[in-house]
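Thanks for coming, everyone. I have one structure for today, and I will put it on the screen before I say anything about it.

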Amino acid sequence: MLTDKFNRKIDYLRISVTDRCNLRCIYCVPSLGFIQKKHDEILRFEEILKLLTVFVSLGIKKIKITGGEPLFRKGIIDFIAKVFNINAIKDVSITTNGILLKDYAYALRKTGLRRLNISIDTLDKDKFRYITGADKLREVLDGLNEVRKLKFSPVKINTVVIRGINDDEILDFARLSIENPYEIRFIEYMPTQNSIGWDKDKFISSAEIKAKLMVFGKLYKTDHITGAGHAQYFKFQGALGTIGVISPVSNSFCSKCNKLRLTADGKLKLCLHSSKQVDLKTPLRANASFNELKDMIISGINLKPEGNYLEKHSFPEYSKNIMCQIGG
């Protein structure tokens, strides 16, 4: 079992396979852009798989594949199939913006994948173009319909709530959870370097989100847990799906954090809002042994902070990490 110095059990790894994306969401990509990693800076799939065997030997059982946009990377289907061949991994999911989902859904299902997180921040065409920089809402909704037909489950819809932009759609998303077996997850807007014009006036707490949801009636708390995240789950009476609320700013869950992140360029990140990281790519490409890599990861775990940047700095101007480069 892998534990950190605060006795938190670590069993969940988020793997970013690319820093490239076909959208430019305002909370993910810096307004002035960023320098994408060169091709040879990005881990090859066989290198990720080699590192995965080390992580699994340490007790990692849950994997989430992220980006950038993971479906944007050539060879992703074959890679996911190989992840499923690692027997000790009990849980595999992918986070996608959904644009390519209709074309990839059947192939993804064939790998054994069942769990999907789809980022959808608005159901309005014009707002979608503003938030993402692309007129692609139709493609995303078509992808959502396709995965419903193919019986992916659970299907989680991640919605970052931003006051003045999409907070008037909270009830529209909630209605999706009533009429469909989706997990609608409302995420508090976090201050990061990529947040365009972030300020606390755009922030909406999970408490306010839940208060707005009461229009549909009482929310019943449920212990329904289908993954490794830290959402609080609720359900309307008679609803087919659930409502999740993720509150990294107003109600930190650092004391229960069980995750690590592997960036596309081979850095082991210990916390989303911390600059502390361990370079695994350099020793990997220098033919470090299995045990040497294992020792590096164990040593790196000791760098995992007790709390995050948001806890220690109330509404900072931004955290220094670029979200699209580390997978959120």
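Start with the side chains of Arg129 and Asp135, which meet in a salt bridge with an N to O distance of 3.7 Å. Bear in mind throughout that this is a predicted model. Is this pair buried or exposed? Neither word fits Arg129, since a relative accessibility of 35% makes Arg129 partly exposed. Asp135 also counts as partly exposed, with 39% relative accessibility.

The second pair is Lys149 and Glu146, again joined by a salt bridge between side chains, with 4.0 Å from N to O. Both belong to helix H5, residues 137–149, and because they are three residues apart there, about one helical turn separates them. What about the accessibility of the two partners? Lys149 is exposed, with a relative accessible area of 62%. Glu146 is buried, and its relative accessible area is 18%. Keep Glu146 in mind, as we come back to this residue under helix packing.

Third pair: Glu183 and Lys156. Their closest N and O atoms are 4.0 Å apart, and the two residues form a salt bridge. Where in the chain do the partners sit? Glu183 is in strand S8, residues 182–188, and Lys156 is in strand S7, residues 155–161; with their positions 27 residues apart, the pair links distant parts of the chain. Glu183 is buried, with a relative accessible area of 4%. Lys156 is buried as well, and its value is also 4%. Elsewhere, salt bridges with shared partners connect Arg44, Glu46, Glu47 and Arg285 into one network.

How many salt bridges are there by this rule? The count comes to 21.

One more lysine before the helices. Lys267 lies in strand S13, residues 267–269. Lys267 is buried, at 19% relative accessible area; the cut-off is 20%, so the value falls under the limit. Which residues does Lys267 touch, leaving aside neighbours within four places in sequence? The contacts are Arg261, Leu262, Gln277, Val278 and Asp279.

Now some totals for the chain. The chain has 11 helices and 14 strands. Of its 328 residues, 56% count as buried. If we take contacts between residues at least 6 apart in sequence, 74% of them join residues at least 24 apart.

On to helix packing, with three pairs of helices. The first is helix H2, residues 76–84, with helix H3, residues 101–111. Their axes come within 9 Å and cross at roughly 20°. H2 and H3 are therefore roughly parallel to each other, the cut-off for that word being an angle under 35 degrees. The crossing of H2 past H3 is right-handed. Which residues make the contact? On the H2 side they are Ile76, Ile77, Ile80, Ala81 and Phe84, and on the H3 side Tyr104, Ala107, Leu108 and Thr111. Sorted by class, this contact holds eight nonpolar residues, one polar residue and no charged ones.

H3 also packs against H5, the helix of the second salt bridge. The angle here is about 20°, and the axes are 8 Å apart. H3 and H5 are therefore roughly parallel to each other too. H3 passes H5 in a right-handed crossing. From H3, the contact uses Leu101, Lys102 and Ala105; from H5, it uses Asp142, Gly143, Glu146 and Val147. Here the classes come out as three nonpolar, one polar and three charged. Glu146 is the residue I asked you to keep in mind: its side chain meets Lys149 in a salt bridge, and Glu146 is also part of the contact with H3.

The last pair is helix H1, residues 45–57, and helix H9, residues 290–301. They pack at an angle of about 65°, with 10 Å between their axes. H1 passes H9 in a right-handed crossing. The residues involved are Leu51, Thr53, Val54, Phe55 and Ser57 of H1, and Phe290, Leu293, Lys294 and Ile297 of H9. By class, the contact of H1 with H9 has six nonpolar, two polar and one charged.

That is my part done, and I am happy to take questions.

Definitions and conventions
Residues are numbered from 1 along each chain as its sequence is written. This is a predicted model: local features need pLDDT of at least 70, side-chain atom pairs count only at pLDDT 80 or more; totals for chains, interfaces and linings use all residues. Side-chain values use heavy atoms; hydrogens and water are left out. Axes are lines fitted to C-alpha atoms, for helices over the stretch in contact, and angles run from 0 to 180 degrees between N-to-C directions. Helices (H or I, at least four residues) and strands (E, at least two) are DSSP runs, numbered from the N terminus. Angles under 35 degrees count as roughly parallel, over 145 as roughly antiparallel, 65 to 115 as roughly perpendicular and the rest as oblique. A crossing is left-handed if the near helix is turned anticlockwise from the far one by less than a right angle, and right-handed if clockwise. Contact means heavy atoms within 4.5 Å. Ala, Val, Leu, Ile, Met, Phe, Trp, Tyr, Cys and Pro count as nonpolar, Asp, Glu, Lys and Arg as charged, and the others, Gly among them, as polar. Buried means under 20% relative accessible area, exposed over 50%, partly exposed in between (1.4 Å probe, protein chains only).
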